[in-house]
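Please open the model in your viewer and keep the sequence panel beside it, since this tour moves from one selection to the next.

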Amino acid sequence: MPTVEITVVGRRYPVQCDEGQEGRLKRLAAYLDGKAGEIARASPQLGEARVLLLAALVVADELFDAYDEIQQLRGRLGQEARASEADAARVLERVADRLDELARAVGKA
């Protein structure tokens, strides 16, 4: 299991991850470090633990917002899919009716 050294709020941490996940872990750490840096610059009196806690809460808030948006989009897609299915069923019904009319017309000829 590889170990990656990440830096958050100026402190280095060795972190183990699954093989092939090193780049992702570094990107996640850089994102968290960016959020923590914003908080530390805005409130320099805060200690490291509080900065990390607030950064984690900010990231969790973003995650919850993303989950909510995904749920809304899924709901909308489901509604659109049901509407599309109903539209397709109506079109197929009209086509079937027209084919029946044509078959009757051919049968009379």
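Begin by selecting Arg74, which has its place in helix H2, and bear in mind while looking at its side chain that this is a predicted model. Is Arg74 buried or exposed? Its relative accessible area is 57%, and because the cut-off for exposed is over 50%, Arg74 counts as exposed.

Keep Arg74 selected and add Val51, then draw a distance between their C-alpha atoms: the two residues are separated by 23 positions in sequence and by 35 Å in space.

Next, select Asp61, which is likewise found in helix H2, an element that covers residues 48–108. Asp61 has a relative accessibility of 45% and therefore counts as partly exposed. Now extend the selection to Asp65, Asp68 and Glu69, and colour the surface by charge, where these three residues gather with Asp61 in a patch of negative charge.

Finally, clear the selection and switch to a cartoon of the whole chain, in which two helices and two strands can be picked out; followed from the N terminus, the elements run in the order β-β-α-α. Turn the chain to view its C-alpha trace along each principal axis, where the spans are about 90 × 35 × 15 Å. How does the radius of gyration of the chain stand against that of a compact globule of 109 residues, and what are the two values? The chain has 29 Å, whereas such a globule would have a value near 13 Å. If you then colour the 109 residues by accessibility, the buried ones make up 12% of the chain.

Notes
Residues are numbered from 1 along each chain as its sequence is written. This is a predicted model: local features need pLDDT of at least 70, side-chain atom pairs count only at pLDDT 80 or more; totals for chains, interfaces and linings use all residues. Side-chain values use heavy atoms; hydrogens and water are left out. Patches are made of residues with over 30% relative accessible area and no salt bridge: like charges are joined within 9 Å, nonpolar side chains (Val, Leu, Ile, Met, Phe, Trp, Tyr) within 5 Å. Accessible areas come from the Shrake-Rupley method with a 1.4 Å probe; for residues, only the protein chains shown count as cover. A salt bridge is a side-chain nitrogen of Lys or Arg within 4 Å of a carboxyl oxygen of Asp or Glu. Lys and Arg count as positive and Asp and Glu as negative; His and the chain ends are not counted. The place of a charge is taken as NZ of Lys, CZ of Arg, CG of Asp or CD of Glu. Helices (H or I, at least four residues) and strands (E, at least two) are DSSP runs, numbered from the N terminus. Buried means under 20% relative accessible area, exposed over 50%, partly exposed in between (1.4 Å probe, protein chains only). The radius of gyration is taken over C-alpha atoms; the globule rule is 2.2 Å times the number of residues to the power 0.38.
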